[in-house]
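Hi,

Here's the structure I promised to pass on. Have a look at it first, and then read my notes underneath.

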Amino acid sequence: MTTTGKKTQAAPAKSAPAAGKATKAPEAKKAKPAGSAFAKPLQPSKELAAVVGSEPLPRTEVVSKVWHYIKKHKLQNEANKREILADDKLAAVFGKSKVTMFEMNKFLAQHLK
């Protein structure tokens with residue numbers, strides 16, 4: 001009697017693709033083109049440059065740096081974390097002394113070209 005059952009095969013080693021991924025990750029970061037409008041470097045106004053620096057930055061990086069500045073200087077309202085209590089530098093950008101986090105991007109957009 002002969003059996004016509006399936007033969008079991010060993011699974012291929014998975015270490016080879018993982019090694020390929022590890023070497024491609026740094027290359028992908030360097031060669032990645034700016035595909036969206038958020039990644040396009042924009043020049044901040046002199047008021048905004050006092051907070052984020054004067055070199056052109058992508059919009060996402062500007063927002064990140066503004067949040068870093070807000071947290072570093074403890075400018076969030078303790079009772080309502082959605083409110084930002086602007087100091088002199090941020091008041092020049094926002095045009096008022098208190099804004100919500102949702103309004104912030106509207107004011108930042110006016111200072112980016």
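Let's start with Met-104. Leaving out residues up to four places away in sequence, Met-104 touches Val-63, Val-66, Trp-67, Ile-70, Ile-84 and Phe-94. Keep in mind that this is a predicted model.

Met-104 also belongs to something bigger than that list of partners: the largest nonpolar core, which has 21 residues. Met-104 is among those with the most contacts inside this core, along with Leu-48, Val-66, Ile-70, Ile-84, Leu-90 and Phe-94. Where do the core residues come from? At least two are supplied by each of helix 2 (46-52), helix 3 (59-72), helix 4 (88-94) and helix 5 (101-109). Helix 3 gives the most, with 5 residues.

Next, try turning the model until you can see helix 3 and helix 5 together. Their axes come within 11 Å and cross at roughly 125°. Angles over 145 degrees would count as roughly antiparallel and 65 to 115 as roughly perpendicular, so these two helices are oblique to each other. The crossing of helix 3 and helix 5 is right-handed.

Which residues make the contact? On the helix 3 side they are Arg-59, Val-63, Val-66, Trp-67 and Ile-70, and on the helix 5 side Met-101, Met-104, Asn-105, Leu-108 and Ala-109. Sorted by class, this contact has 8 nonpolar residues, 1 polar and 1 charged.

Arg-59 deserves a look of its own. Is Arg-59, a residue of helix 3, buried or exposed? Neither, quite: its relative accessible area is 27%, and buried would need under 20% while exposed would need over 50%, so Arg-59 counts as partly exposed. Not counting its neighbours within four places in sequence, Arg-59 is in contact with Phe-38, Lys-40, Leu-42, Ala-109 and Leu-112. Take Leu-112 from that list: Arg-59 and Leu-112 are 53 residues apart along the chain, yet their C-alpha atoms are separated by 8.1 Å.

Finally, zoom out to the whole chain. There are 5 helices and 4 strands, and from the N terminus on they run α-β-α-β-α-β-α-β-α. The chain has 113 residues, and 25% of them count as buried. If you take the contacts with a separation of 6 or more, 29% of them are between residues 24 or more positions apart.

Shout if anything is unclear!

Cheers

How values were computed:
Residues are numbered from 1 along each chain as its sequence is written. This is a predicted model: local features need pLDDT of at least 70, side-chain atom pairs count only at pLDDT 80 or more; totals for chains, interfaces and linings use all residues. Side-chain values use heavy atoms; hydrogens and water are left out. A nonpolar core is a set of buried Ala, Val, Leu, Ile, Met, Phe, Trp, Tyr and Cys residues joined through side-chain atoms within 4.5 Å. Buried means under 20% relative accessible area, exposed over 50%, partly exposed in between (1.4 Å probe, protein chains only). Contact means heavy atoms within 4.5 Å. Axes are lines fitted to C-alpha atoms, for helices over the stretch in contact, and angles run from 0 to 180 degrees between N-to-C directions. Angles under 35 degrees count as roughly parallel, over 145 as roughly antiparallel, 65 to 115 as roughly perpendicular and the rest as oblique. A crossing is left-handed if the near helix is turned anticlockwise from the far one by less than a right angle, and right-handed if clockwise. Ala, Val, Leu, Ile, Met, Phe, Trp, Tyr, Cys and Pro count as nonpolar, Asp, Glu, Lys and Arg as charged, and the others, Gly among them, as polar.
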